[in-house]
Amino acid sequence: MSDQTDQEMRDKLFEALENVIDPELGIDIVNLGLVYEADLNDEGVAQVVMTLTAMGCPLAGTIVNDVKRCLSDVEEVNDADVNIVWNPPWSKDNMSRYAKIALGIT
């Protein structure tokens with residue numbers, strides 16, 4: 001794939017991931033800054049590297065399932081592999097301006 005095509009696919013994956021809403025905060029995981037990477041390999045497997053707002057999040061399984069479900073709506077995606085990482089740790093600084101305004105964070 002060309003770099004432009006790679007970027008277009010990443011944009012498409014991130015757009016799909018905006019449909020995954022964090023159940024506790026009511027904001028999507030992209031605007032919360034939880035998604036670090038999203039790429040599609042040659043076999044059509046979306047590789048997502050993301051974090052959660054806190055270790056031991058009881059809704060981790062729900063969020064991972066929602067990620068896989070939303071990515072399955074992307075035509076080029078055959079499967080999804082979600083890797084939850086803790087480094088770098090998530091902070092409020094990762095959030096988009098939209099998410100900060102929605103949650104009343106300055």
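**Exercise 1. Salt bridges**

Find how many salt bridges a search of the whole structure gives, and describe each of them.

*Solution.*

Step 1. The search of the whole structure gives 3 salt bridges. The structure is a predicted model.

Step 2. Take D39 and R10. Their side chains meet in a salt bridge, with a distance of 2.7 Å from N to O. D39 belongs to strand β1 (residues 35-40) and R10 to helix α1 (residues 3-17), so this pair ties together parts that are 29 residues apart in sequence. D39 has a relative accessibility of 27% and counts as partly exposed. R10 is also partly exposed, at 26%.

Step 3. Take E76 and K12. They form a salt bridge in which the closest N and O atoms are 2.8 Å apart. This pair links distant parts of the chain: E76 sits in the loop between α2 (60-72) and β3 (79-84), K12 sits in helix α1, and 64 residues separate them. E76 is partly exposed, with a relative accessible area of 31%, and K12 is partly exposed with 36%.

Step 4. Take R69 and D66. Their salt bridge has its closest N and O atoms 3.5 Å apart. The cut-off for a salt bridge is 4 Å, so a pair within that distance is counted. Both residues lie in helix α2, 3 residues apart, which is about one turn of the helix. R69 is partly exposed at 46% relative accessibility.

**Exercise 2. The sheet**

State the order of the strands in the open sheet, and work out which strands stand at the edges.

*Solution.*

Step 1. The open sheet has 3 strands in the order β1-β2-β3, and its pairing is mixed.

Step 2. β1 and β3 each have a single partner strand, so they stand at the edges and one side of each is left without a neighbour in the sheet. On average, neighbouring strands are turned by 15 degrees against each other, direction ignored.

Step 3. Now look at each pairing. Strands of a sheet pair through backbone hydrogen bonds, in a parallel or an antiparallel sense. β1 and β2 (residues 45-50) run antiparallel and are joined by 5 bridges. β2 and β3 pair in the parallel sense over 6 bridges.

Step 4. Follow one residue across the sheet. V48 in β2 stands opposite A38, and the bridge partner of V48 in β3 is V82.

**Exercise 3. The helix between two strands**

Which hand does the unit made by β2, α2 and β3 have, and which strands does α2 touch?

*Solution.*

Step 1. β2, α2 and β3 make a β-α-β unit that is right-handed.

Step 2. The sheet has the strand order β1-β2-β3. α2 packs on this sheet and touches β2 and β3. The direction of α2 makes about 145 degrees with that of β3.

**Exercise 4. Two loop residues**

Decide whether N31 is buried or exposed, decide the same for V30, and list what each of them touches.

*Solution.*

Step 1. N31 lies in the loop between α1 and β1. V30 lies in the loop between α1 and β1.

Step 2. The cut-off for buried is under 20% relative accessible area. N31 has 16% and is therefore buried. V30 has 19% and is therefore buried.

Step 3. Leave out residues up to four places away in sequence. N31 then touches N94, M95, S96, Y98 and A99. V30 touches F14, L17, E18 and V35 under that condition.

Step 4. Add the remaining details. The side chains of N31 and D28 are joined by a polar contact of 2.8 Å. V30 and E15 are 15 residues apart in sequence, and their C-alpha atoms are 8.4 Å apart in space.

**Exercise 5. A cis peptide bond and a helix residue**

Find which residues are joined by a cis peptide bond, then describe where A102 lies and how exposed it is.

*Solution.*

Step 1. The cis peptide bond joins N87 and P88, with omega at about 5 degrees. P88 lies in the loop between β3 and α3 (97-103).

Step 2. A102 lies in helix α3. A102 counts as partly exposed, at 44% relative accessibility.

Step 3. Compare sequence and space for A102 and T51. The two are 51 residues apart in sequence, and 20 Å apart in space from C-alpha to C-alpha.

Conventions: Residues are numbered from 1 along each chain as its sequence is written. This is a predicted model: local features need pLDDT of at least 70, side-chain atom pairs count only at pLDDT 80 or more; totals for chains, interfaces and linings use all residues. Side-chain values use heavy atoms; hydrogens and water are left out. Helices (H or I, at least four residues) and strands (E, at least two) are DSSP runs, numbered from the N terminus. Buried means under 20% relative accessible area, exposed over 50%, partly exposed in between (1.4 Å probe, protein chains only). Two strands pair if DSSP finds at least two bridges between them. Axes are lines fitted to C-alpha atoms, for helices over the stretch in contact, and angles run from 0 to 180 degrees between N-to-C directions. Contact means heavy atoms within 4.5 Å. A polar contact is a pair of N or O atoms within 3.5 Å; within protein, one must be able to donate a hydrogen and the other to accept it, and residues adjacent in sequence count only if both atoms are side-chain atoms. A crossover is right-handed if, with the strands pointing away from the viewer, the path from the first strand over the helix to the second runs clockwise.
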